[in-house]
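Open the model in your viewer and keep the sequence panel visible. The stops below say what to select and what is there.

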Amino acid sequence: MTVWIIFLLGILVFLALDLGVFNKNAHVISVREASLWTAVWVSLSMLFSGVIYWLYSTGKIDNVDGLEPMEATIDYITGYLIELSLSIDNIFVIAVIFASFQIPQKYQHRVLFWGILGAIVFRALMIFFGVALIKKFSFTTYIFGTFLIFTAIRMVVSKEKPFEPKKSFIYRNLRKIMPITSHMDGQKFFVKLRHITAATPLFMALIIIEFTDVLFALDSVPAILAITSDPFLVFSSNIFAILGLRSMYFFLAHMINKFQYLKYSLVAILSFVGLKMILAHHIVFPKWISLGFIALALFLGVLVSWLRQDNTSLDK
């Protein structure tokens with residue numbers, strides 16, 4: 001438990017520094033600042049793999065699956081790449097939500113900060129119950145695997161409908177139980193209007209982002225459980241991907257349409273980990289195959305998107 005406590009305290013320190021020091025005053029996050037923080041979070045995430053190796057080689061963590069230090073390290077990196085890749089769709093949805101509620105850029109960081117706190121709690125609960133199910137009922141790997149393959153097929157065959165936050169189930173029902181105003185007062189989530197307290201667009205954007213993250217977690221948590229059922233590896237890789245999501249949002253939000261072929265990378269990744277879960281009791285895949293496949297799928301998605309973008313520019 002000591003390692004868990006130190007890890008959670010470290011997260012809280014990072015978040016406190018983020019909101020209380022680096023982003024104390026609301027401001028527009030420039031592409032330069034976003035790219036710098038994206039590099040920082042990716043670097044920290046990769047450096048943490050060294051911590052993973054040390055923890056599992058010294059026995060300072062409860063090694064429930066009896067993993068070798070290198071196995072644990074590869075599982076962590078693979079899980080991190082899965083979470084990072086699946087968060088790309090989340091970035092696009094967040095951009096749509098902010099645009100729908102007309103959230104000024106300088107206030108978007110605050111919404112994402114509190115959204116990530118909620119995401120950490122929800123992910124922790126989903127990981128806890130997901131790991132418990134797999135440990136207690138081995139057949140759940142077939143259910144999770146089938147669900148991931150179904151999700152991949154749905155991404156290919158379903159027609160993409162534009163997401164409209166103000167027509168969503170959450171927004172329509174929240175309007176019935178609480179006053180909502182289009183008026184904003186700085187970074188406040190609630191404002192006083194005459195004799196009532198009303199939720200601002202910032203609060204509405206926060207709530208819808210929280211619920212969409214839960215929906216995305218339904219794909220990402222089973223996906224990482226296909227790699228490992230070690231609670232610390234699943235949780236730490238998930239958290240590092242979530243912590244880097246804010247800076248990645250500001251870095252990619254204006255360029256997301258340029259990576260249109262990443263969708264097929266996600267389809268390939270979900271299909272692979274789904275099959276891996278279904279075959280888990282019959283075929284044991286070497287750790288490096290999972291890591292190599294996921295890294296290659298992401299690389300090809302970015303490369304093809306970049307090449308197609310360049311060809312389109314030349315045609316014009």
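Start by selecting Lys60 together with Val3, Trp54 and Leu55: these three are what Lys60 contacts once its neighbours within four places in sequence are left aside. The model you are looking at is predicted. Lys60 belongs to the loop between helix H2 (31-58) and H3. Its relative accessibility is 48%, under the 50% needed to be called exposed, so Lys60 counts as partly exposed. For a sense of scale, add Lys192 to the selection and draw a line between the two C-alpha atoms. The separation is 51 Å, for residues 132 places apart along the chain.

**From the loop into H2 and H9**

Next, select H2 and helix H9 (residues 245-252). How far apart are the axes of H2 and H9, and at what angle do they pack? The axes are 8 Å apart and the angle is about 140°. That angle makes H2 oblique to H9. The crossing of H2 past H9 is left-handed.

Show side chains for the contact. On H2, pick Val31, Ala34, Ser35, Trp37, Thr38 and Trp41; on H9, pick Arg246, Ser247, Met248, Phe250 and Phe251. Colour them by class and you should find 7 nonpolar, 3 polar and 1 charged residues.

Stay on H9 and switch to a surface view. Is this helix mostly covered or mostly open? H9 is mostly covered, with 7 of its 8 residues buried. The buried ones are Leu245, Arg246, Ser247, Met248, Tyr249, Phe250 and Leu252.

**Helix H3 and its surroundings**

Now move to Asp75, which lies in helix H3. Is Asp75 buried or exposed? Its relative accessible area is 3%, so Asp75 is buried. Select what Asp75 touches beyond residues up to four places away in sequence: Leu67, Ile227, Thr228, Leu233 and Lys287. Then draw a line from Asp75 to Arg110, which is 35 residues further along or back in the chain; their C-alpha atoms are 32 Å apart.

Further along H3, select Glu83 and then Arg123. Their side chains meet in a salt bridge, with 3.3 Å from N to O. The count for the model comes to 1 salt bridge. Glu83 is in helix H3 (residues 69-100) and Arg123 in helix H4 (residues 105-136), so the pair ties together parts that are 40 residues apart in sequence. Both Glu83 and Arg123 are buried.

Between these two helices, find Gln102 in the loop that joins H3 and H4. With a relative accessible area of 64%, Gln102 is exposed. Check its backbone torsions as well. Most residues other than glycine have a negative phi. Gln102 has a positive phi, near 55°.

**Helix H5 and two partners**

The last stop is helix H5 (residues 140-157), shown with helix H7 (residues 201-225). Their axes are 10 Å apart and the packing angle is about 130°. This makes H5 oblique to H7. H5 passes H7 in a left-handed crossing. Select Phe144, Phe147, Leu148 and Thr151 on H5, then Leu218, Asp219, Pro222, Ala223 and Leu225 on H7, to see the residues that make the contact. By class they divide into 7 nonpolar, 1 polar and 1 charged.

Hide H7 and bring up helix H10 (residues 262-278) beside H5. Which way does H5 run relative to H10, roughly parallel or roughly antiparallel? The angle is about 160°, with the axes 7 Å apart. That makes H5 roughly antiparallel to H10. This crossing is left-handed.

Select the contact one helix at a time:

- On H5: Thr141, Tyr142, Phe144, Gly145, Thr146, Leu148, Ile149, Thr151, Ala152, Met155 and Val156.
- On H10: Lys263, Leu266, Val267, Leu270, Ser271, Val273, Gly274, Leu275, Met277 and Ile278.

Coloured by class, the residues of the contact of H5 with H10 divide into 14 nonpolar, 6 polar and 1 charged. To finish, bring H7 back and look again at Phe144, Leu148 and Thr151 of H5. They are among the residues in the contact with H7, and they are also among those that meet H10.

Terms used: Residues are numbered from 1 along each chain as its sequence is written. This is a predicted model: local features need pLDDT of at least 70, side-chain atom pairs count only at pLDDT 80 or more; totals for chains, interfaces and linings use all residues. Side-chain values use heavy atoms; hydrogens and water are left out. Axes are lines fitted to C-alpha atoms, for helices over the stretch in contact, and angles run from 0 to 180 degrees between N-to-C directions. Helices (H or I, at least four residues) and strands (E, at least two) are DSSP runs, numbered from the N terminus. Angles under 35 degrees count as roughly parallel, over 145 as roughly antiparallel, 65 to 115 as roughly perpendicular and the rest as oblique. A crossing is left-handed if the near helix is turned anticlockwise from the far one by less than a right angle, and right-handed if clockwise. Contact means heavy atoms within 4.5 Å. Ala, Val, Leu, Ile, Met, Phe, Trp, Tyr, Cys and Pro count as nonpolar, Asp, Glu, Lys and Arg as charged, and the others, Gly among them, as polar. A salt bridge is a side-chain nitrogen of Lys or Arg within 4 Å of a carboxyl oxygen of Asp or Glu. Buried means under 20% relative accessible area, exposed over 50%, partly exposed in between (1.4 Å probe, protein chains only).
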